[in-house]
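User: I am new to this structure and would be grateful for a close look at a single part. Please describe the contact between two of its chains in one connected account.

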Amino acid sequence: MEVSIGPHIRGDWDTKRIMLCVVLALIPSAVAGIYYFGYTALEIIVLSVLGAQITELIGLKVLGKPTEFDGSAMVTGLILALILPPSAPLWVPIVGAAFAMVFFKLLFGGLGKNIFNPAAGGRVFLLLSFAAVMASFPAPGADAVTAASPLASTGSYSYMDLFLGNVSGSIGETCKLAIIIGGVILIALGLIDYAVPLVYALTCMVIALVAGADSLYHLLSGGLLFAAFFMATDYVTTPITRRGRVIFAAGLGVLTMVTRLMVGTESISFMILFMNGLVPMIDRFTVPRSFGQPKKERRARKNEQ
Amino acid sequence: MSSENVSLWDEFFKGIGRMNPVYVLLLGLCSSLAITTRMENAIVMGIGVIFCLVCSNIIISAIRRFVPEDVRIPVFISIISGFVTLFGFIARAYMPAIYVALGIYLPLITVNCNLYGRAEAFAQNNPVMPTFMDGLGIGAGYTLAILGIAFVREALGFGEIMFQDLAQFTIKILPFQVGVLQQPAGGYIVMAGYLISFTYLSKRKERKRKEDIAEERKRTMENRVKGVN
Amino acid sequence: MAGDLISIAIGAILVNNFVFARFLGLCPFFGASNNWNNSMGMGVMVIFVMVCSTVLSWLVDTFVLIPMNARYLENLVFIVVIAVFVQLVEMIIRKYSPSLYKSLGIWLPLIVVNCAVLGVVTINAGENYAFSQALVNGLFSGIGFMFALLLMATIRERLDLMGVPESMKGVPIAIVVAAGFSMAFRAFVGLI
């Protein structure tokens, strides 16, 4: 049976080609992470990708599905590695990637059927399970010094440091320049809808402004931009229509800022999971009539937009 | 052994295996997931369910001819609730720490689907003796099932098995803790693990049996053909 | 007081959601969440019964059981109140609105043994909530339950369409989805 991975803008490209382009767009962030946090960042990235890929291979064998390489596990492994703290012990990316693939993807039957974003799920699992390991972030360049991530100490970094990534944080989330380069690649190739990062970022900034917080600082700190370009735009786990995606992005923005301002924690991965779960309901109210119609009609609708 | 004995034991074992209340009937999930963070809590919960289930089953079976159809729900449920209240007194007196740990889930045994479910499906139509065995079996199946969940959640979630009230000992199992298993999500994760494994195994067994039958049929067919020749 | 009520409301929907945090009402949850219409019917009935039972049992608790120093009988009295109330509602609906009975009435007998209803009443009594607090807790616990039902229903309708692996069909995959929500809802813990 052919599996549709949802309404991609590049209807003529196959999954493998799209996934490899996403990997390409993630490379600037990975390079920046390795530049700032050194060899361990590279190790984490390699182990996470291998973990995801091997788990997928075994899982597809058990499910009795073709084990052809489509790149989706590689993307999951890479994204998961980039949202892990660089000080994580080396078993963390392996355990996280394996859990993400099994629990959030393979149990649902593989690519295109999962409800939740596997990488976000993997990180949430790690955060809830191994809080002590996941909550310490080394300062860039130093090995042993543990610094608070930017959010916990609002106002202590300059905008320039935040933008270039010279701050403590997750491997791929610190360098906003690299994230934006990757995001622009995806938008230029027509692989993601620019409305999602735009609406998400604007919602967060407006809420920060209304709450009297520093909007630019909120935009540039934590995992906001990375999530905006690489996690909130995942084909499978976001709404079908433009209208649905805008609702999704705005909802994610509200929840991100509510937890940041009222709880004081960075819970973007949690909120991605939550909003992923809302997607079928958003689709129910935004897709005109024909929920569940074959691909052809979805694509026709796509062209109208 | 007489055939009556065989069928009585069958009433007992069906609750543990093919009609397991948690993994097959999917009843009583709330308490199975809520109180399984510690094995000790699960043991007391299991005892509570067996006690209330067996006692209420016997009474309901004994009075089954005198209860009008229309008021059976309030009648059954009050009988059940009476035994739950009684068990609450016993637990509070002898195991105060576990009584606190079980919280609202102890009084909620009243609405554990298994109790009302057995009253409705079995006790109101059957004599006392099979009803007794049925209650005992379902209760034992429930207890084994929640002990299985609690073992995984405590051993991995806390890294140790600890008893404080029923006995006093601690067994160290792991040098680390998988925190999520102590949280509500852990209940769902472990439950999903068991349920999927059991479903997968039973499906595979079924497929294998079908293959065996097909094989057997083919062989008989071939033999017959050979015999004819 | 208003802030207190708001935090009870947020707590009941997000932090202590009956399905994803407290594990109450799971049997009807997994039973009725297989499609949108069932979830709507079940959800509406649960909210209605929860609110009414909250009011009734608060009255009984405050004006009968506490003055008589008989709170140890709460469990028995509450469940009888709920059972009798539900039975009455069923009879009334059946007599006056057969069409409503046909669409929603089938859920009524199941609601008596729904631990979410006795659960909310027991929580109210255990926390010694004042009337307004109990009412808000009852209403929003029901809303949180219905929200969870509708979420799960839309997801399960989609999964049915996609076709999940054979061993995962139905409740197993629903439990996996519930685990995902349960993890996501952990982020709300600091809200109240």
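Analyst: The account below concerns the contact between chain B and chain C, followed by a surface patch that also involves chain B. The model is a predicted one.

Chain B contributes 39 residues to the contact, and chain C contributes 37 residues. Between these two chains an area of about 3,300 Å² is buried, and carbon and sulfur atoms give 78% of that area. As for charged pairs, the count of salt bridges between chain B and chain C is zero. Polar contacts do occur across this interface: seven residue pairs are found, with both residues at pLDDT 80 or more.

On the side of chain B that touches chain C, the elements giving two or more residues are helix H2 (29-34), helix H4 (72-94), helix H6 (113-121) and helix H8 (184-228) of chain B. Of that side, H8(B) supplies the largest share, twelve residues. Sorted by class, the side of chain B that touches chain C holds 28 nonpolar, nine polar and two charged residues.

Helix H8 of chain B also takes part in a nonpolar surface patch, together with helix H2 (39-63) of chain A; each gives two or more residues. This patch covers about 1,000 Å², and its members from chain B are B:Phe198, B:Tyr200 and B:Leu201. Among the residues from chain A are A:Tyr39, A:Leu42, A:Ile54 and A:Val62. H2(A) gives the most to the patch, with eight residues, and A:Val62 lies in this helix of chain A.

Technical notes: Residues numbered from 1 in each chain as written. Chains lettered and ligands numbered in written order. Predicted model: local features only at pLDDT ≥ 70, side-chain atom pairs only at ≥ 80, totals over all residues. Heavy atoms only, no water. Contact = heavy atoms within 4.5 Å. Buried area = accessible area lost by both parts, 1.4 Å probe. Salt bridge = Lys/Arg side-chain N within 4 Å of Asp/Glu carboxyl O. Polar contact = N/O pair within 3.5 Å; in protein donor to acceptor, adjacent residues only side chain to side chain. Helix = DSSP H or I, 4+ residues; strand = E, 2+ residues; numbered from the N terminus. Nonpolar A, V, L, I, M, F, W, Y, C, P; charged D, E, K, R; others polar. Patch = residues over 30% accessible without salt bridge, like charges linked within 9 Å, V, L, I, M, F, W, Y side chains within 5 Å. Areas by Shrake-Rupley, 256 points an atom, 1.4 Å probe, with all protein chains shown as cover.
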